[in-house]
Amino acid sequence: MASLSNKYFFVFIYIYLLNISIEKDTNTFSNYEIIKQTKIEANFNVDFSQKAIHGLVKTYFTALDDGEVIVLDTRALKINSVIDSDTGEELEFALDDQYELDANGIPLRIYKEYNKGDQIAILIKYDTTKDGSAVQFLDPEQTTGKIYPFMFTQCESILCRELLPTQDTPAVKVTVSVGITVEKPLFAVESGIFQNKIDNGDTVTYFYEQKIPIPSYLIALAAGKIEERVISDRTKVYGEKELVDLASYEFEDTEKFIQLAEAYTIPYVWGEYNLLILPSSFPFGGMENPTLTFVTPSLIAGDKSLADVVAHEISHSWSGNLVTMDSWSDFWLNEGFTMFLQRKIIEKHIDADIAKLDAQFSYNTLAEDIIKFGESKSFSSLKPYLVGRHADDCFSEIPYEKGFNFLYYLESIVNPQSDIDLFRKILKQYFTKFKYQSIKYEDFKQFFIDKLYEELGETKANAILKQIDWVRWIEAPGFPPVKNDFSNKYSTEVENAIEKFYNNNLPSDFKYTFVKWHTLLKQYFLSSIRVTDKELDDTQLNLLSNVLNLKEGYNAEVNFGYFAAVLEHGKTLEDDVKQALILFLGKFGRMKYLRPLYIDFYKRDKETARATFEKYKSSYHPIAQRLIEMDLKNLD
Ligand code: BES
Ligand code: ZN
């Protein structure tokens, strides 16, 4: 009997340890459970001639236990020296290179003894190298103005380690102050509040401070011939002069979006909310760097119709930047919640039916990604298995849209049981309770359950909880277990047009109807064609290409939807369409467009697709280069 319970005891310990090892962020080498970084003071010297950043970083740590080594994440960095900031002594360090091929980079081991409770500061002198992809240096020709060079960083997901040696995990939050030195007449911006600048003669150093603790992936800087326009009390638009006025108009509603988000959640804590419009190689639509959202110039449509990306990045001010996932396996806590808030903003800014149409249309891309990864593969779950993988490898619509669908579902079963918008109340309390922390999905789940009991009592709470299949929603791969109803007043109109389109009997004035449609209706129209398994005949191709004139570049989302549909189902791929596609592939470095289009182009015309990629490759961001390369390899 005694030995049996002993056996159970060991099994229990084993399972317990297994869980701990699963729950730690597997995309970091750092020993953050033993010694935790609290503050970073960085000096970045931006060297355009060598395309490198010469860095001097002082990092503060608190020891949570006794230890003799500090392990930091790095990749593609040249470490020059490590100094104990208190004694001024050089510390011994090791930078293994047997990990060269590891997706997570190379651990930097710094040998220093410490005891629980110690406060330590370490100074590291290092350089970034051309092998890294966190920093992109653009030659003048690659900018909009074509006269001055430009530099920007992209640290999400695990690229901060290519900008500075750090505990590169969202589980650790630090305050950050930086000085960025650039040659005159360039200007530098950073994801913190501007403090002051010092003129050094030929160069200027700009100082920024982020007093709210942030995870490393939110550290961001940029330098170039950047100008600024004030668009509201807390918002400036930064960018090259050729773009900054266009962007100021396009994103005019930013203040309104922030207020709508505040009205739904809790007050905005970050002080300023600025936007930086980047040159065309920026690989994302937007990136929520605190106080300084980065956006792609492909959002400039002239009619504000793509500004929902800004609503998205604003929403990250709560989900992601304030309450942060604690590892990349819980990425949906950032993106799914943000999609949910984004659509709350859009619901108030435009109307509820547009928000539903957006959700309905995005379900198509979700379905495509689930099928692409495989319905039984962990990457199609909300808890992807990332051991040994780069966190970017599983990037898809799944955390965004499956995550959104889960929250939408929770709202739809909670709210009918209450007289108030109870789901919103719970979300507000969630942001209040977990702000400034990094949390796991399980923390959200427990919190949600506790609140239901507290607000509704046992009977009602149990009735709701027994409907929720947590495992199938979160852990299991494949399609969501429940299909939400997003029916709305716009989709019928589009669906009717689709039916007529396939019957070749659209009215001759359809092009006037189409022109007047909100961009989202156009997107839904084109994505419906893409997901319908029907070949497009000459009449239909002619209608899209020449009557509706969709191959002309007036709105990046519409162009993308058109090329994606035609590549997938066009009976032919006419030369003029191919030429227009090639032009589009050279226009923006945004991966949302490039990755699916290259995949489909490659499937239809391997040689031209490959040649096009080779032609533009060097103009794309290194992240995009790597991922497109990976996509094409998967097709061979
Ligand atoms: N945080 C993401 C961008 C990101 C994700 C960068 C993962 C690196 C790794 C950002 O908030 C985002 O989701 N951008 C979207 C906006 C869209 C969903 C409205 C984009 O870039 O398209
Ligand atoms: Zn996002």
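In this predicted model, a nitrogen atom of ligand 1 is 3.0 Å from an N or O atom in the side chain of Glu 335. Two further polar contacts help place ligand 1. A polar side-chain atom of Glu 156 lies 2.7 Å from one of the ligand's nitrogen atoms. A backbone N or O atom of Gly 285 is 2.5 Å from an oxygen atom of ligand 1. On its own, ligand 1 has 530 Å² of accessible area, and the protein covers 91% of that.

Now look at the residues around ligand 1. There are 18 of them, and those that come nearest include Glu 156, Gly 285 and Tyr 400. By class, six are nonpolar, seven are polar and five are charged. Strand E18 (286-287), helix H4 and helix H5 each give at least two residues to this shell.

Return to Glu 335, and turn to the zinc ion, ligand 2. Glu 335 is one of the zinc ion's protein donors, along with His 312 and His 316. Each histidine donates through NE2, while Glu 335 is listed with two OE donors. These protein donor atoms lie 1.9 to 2.7 Å from the zinc ion. In sequence, the donor residues follow the spacing H-x3-H-x18-E. His 312 sits in helix H4 (residues 308-315) and Glu 335 in helix H5 (residues 331-349), so this pair ties together parts that are 23 residues apart in sequence. Both His 312 and Glu 335 are buried.

What angles do the six donor atoms around the zinc ion subtend? They run from 53 to 159°, and therefore the arrangement is irregular. For comparison, ideal angles for six octahedral donors at a metal are 90 or 180 degrees.

Notes: Residues are numbered from 1 along each chain as its sequence is written. Chains are lettered from A and ligands numbered from 1 in the order in which they are written. This is a predicted model: local features need pLDDT of at least 70, side-chain atom pairs count only at pLDDT 80 or more; totals for chains, interfaces and linings use all residues. Side-chain values use heavy atoms; hydrogens and water are left out. Donors are N, O and S atoms within 2.8 Å of the metal (3.2 Å for Na, K and Ca); water is not among the atoms, so sites may look incomplete. Four donors count as tetrahedral if all angles lie between 85 and 135 degrees; four count as square planar and six as octahedral if opposite donors are over 155 degrees apart and all others between 65 and 115; anything else is irregular. Helices (H or I, at least four residues) and strands (E, at least two) are DSSP runs, numbered from the N terminus. Buried means under 20% relative accessible area, exposed over 50%, partly exposed in between (1.4 Å probe, protein chains only). A residue is near a molecule or strand if one of its heavy atoms lies within 4 Å of it. A polar contact is a pair of N or O atoms within 3.5 Å; within protein, one must be able to donate a hydrogen and the other to accept it, and residues adjacent in sequence count only if both atoms are side-chain atoms. Accessible areas come from the Shrake-Rupley method with a 1.4 Å probe; for residues, only the protein chains shown count as cover. Ala, Val, Leu, Ile, Met, Phe, Trp, Tyr, Cys and Pro count as nonpolar, Asp, Glu, Lys and Arg as charged, and the others, Gly among them, as polar.
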